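Trainee: I would like to go through this model and ask what stands behind each label.
Mentor: Go ahead, with the structure in view.

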Amino acid sequence: MMKALLVNDYNGPETMQYTEIENPAPKDNEVVIQVQYSGVGLVDILFSRGFGQRKLPFIPGLEVSGTVKNVGKNVEKFKKGDRVAALTINGLKGFAELVSVGEDYVVKVPDELDLGIAAGTLTNTATALVLLKEITPIHVGGSLLVYGATGGLGSQVGQIAKLLGAQKVVGVVSTESKKVKAEQLGFDHVYLQEEFLNSSNELFDIVVDPIGGKQRKLNLDRLNPYGSLAIVGNASQEELADINPDTLWLKNLSITGFNFGMYTSQYTKRVNKYLEWAIQLIYQKQLDLPTVYKTPISEASESLIKLENGEINGKLLLEYH
Ligand SMILES: NC(=O)c1ccc[n+]([C@@H]2O[C@H](COP(=O)([O-])OP(=O)(O)OC[C@H]3O[C@@H](n4cnc5c(N)ncnc54)[C@H](OP(=O)(O)O)[C@@H]3O)[C@@H](O)[C@H]2O)c1
């Protein structure tokens, strides 16, 4: 038996239970990981409050790191004891002592790289890479604006845009302290939300919106002709704005949606390539990484609530011994 953090109802982290369940049994192409850290995304909390109406009970958790415990009979790339990080996004299940994951979702973590950093960055870095390479490609010399610029995803989108050759990368944040932090991440300019809504009239090739809410509709006015609004989340949980499709036609604009979870279930081999790329960028220190906050899994509920309330300015990790 192993322990896992179970969501039994839609009442959020308050009623999650860290409890014993059966060990996972690996399929032939799967790797069983003894988890040391599970990365927490805001979406894990949203799921636990009923977003997406996932079938109950379920184990949240999009990403983990740890060591390989055993492997299925067709797995050749990994062996017992390897340090690894993995996406558990496909079906969730990462908040557990053991997870069994298809080998294409697993990457080796170099000895010098902290397993906490690996677990805390892999999903968001890989999401940003796929978004800006395939879904709304950023062109060399192009411009991009991202909301929630210090968030797990927003911070990676800004930095990856720069690495891929964007000339102007601008962030929007909600507080002065986040503004300072975003400036340290290398954004060319950072606006406070109100400042941006009320005074800026800069235009961009791509606007990335993980936040939603009232500004979503206004983002179309921030795009250059042929520009694209990428909708990648709704962290605010506010009602969505009505958008008139004729605006797209008249101004040569597009809106794209991107859900990395769905992508991972369809393009397994490509996902593996992006994970390898992400871990190399992280290892080679080409990205500034978020501060990580490690909390014992047995005290997860309290920390998840803090994250939901915006009291954790960085990436939360659940730690197992
Ligand atoms: N499309 C995908 O595949 C994909 C992948 C990863 C994440 N996401 C989505 O991206 C969003 C951000 O996720 P994350 O893991 O980056 O979260 P995070 O690190 O907690 O960052 C969330 C950011 O959202 C902003 N925010 C605005 N209203 C908020 C609210 N009511 N509660 C919490 N945060 C709020 C905050 O920025 P400010 O305070 O500066 O506004 C915060 O920095 C989520 O909706 C998540 O589902 C999508």
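Mentor: The shell around the ligand draws at least two residues from each of α1 (42–48), α2 (115–135) and α3 (152–163). This is a predicted model, where local features need pLDDT of at least 70 and side-chain atom pairs pLDDT 80 or more, while totals for chains, interfaces and linings use all residues. Residues are numbered from 1 along each chain as its sequence is written, and side-chain values use heavy atoms, with hydrogens and water left out.

Trainee: What makes α3 a helix here?
Mentor: Helices are DSSP runs of H or I with at least four residues, strands are runs of E with at least two, and both are numbered from the N terminus. α3 is listed as 152–163.

Trainee: Which residues come nearest to the ligand?
Mentor: Gly-152, Ser-174, Lys-178, Phe-258 and Phe-260, out of the 22 residues around the ligand. A residue is near if one of its heavy atoms lies within 4 Å.

Trainee: How many residues of the shell around the ligand are nonpolar, polar and charged?
Mentor: There are 10 nonpolar, 11 polar and 1 charged. Ala, Val, Leu, Ile, Met, Phe, Trp, Tyr, Cys and Pro count as nonpolar, Asp, Glu, Lys and Arg as charged, and the others, Gly among them, as polar.

Trainee: Why is the pair between Lys-178 and the ligand called a polar contact?
Mentor: A polar contact is a pair of N or O atoms within 3.5 Å. A polar side-chain atom of Lys-178 lies 2.6 Å from an oxygen atom of the ligand, so the pair qualifies. A backbone N or O atom of Phe-258 lies 2.7 Å from a ligand nitrogen atom. The protein covers 81% of the 900 Å² of accessible area that the ligand has on its own, by the Shrake-Rupley method with a 1.4 Å probe.

Trainee: How do you know that β12 and β13 pair?
Mentor: DSSP must find at least two bridges between two strands. Strand β12 (residues 223–231) is joined to β13 by 4 bridges, so the two pair, and they run parallel. Ile-231 has Gly-257 in β13 as its bridge partner.

Trainee: What makes the crossover from β14 to β15 right-handed?
Mentor: β14 (residues 292–296) and β15 (residues 315–319) pair in the parallel sense over 5 bridges. The chain passes from β14 through helix α10 (residues 300–308) to β15, and this β-α-β crossover is right-handed. That term applies if, with the strands pointing away from the viewer, the path from the first strand over the helix to the second runs clockwise.

Trainee: What sets the peptide bond from Leu-56 to Pro-57 apart?
Mentor: This bond is cis, with omega near -15°. Most peptide bonds are trans.

Conventions
Polar contact = N/O pair within 3.5 Å; in protein donor to acceptor, adjacent residues only side chain to side chain.
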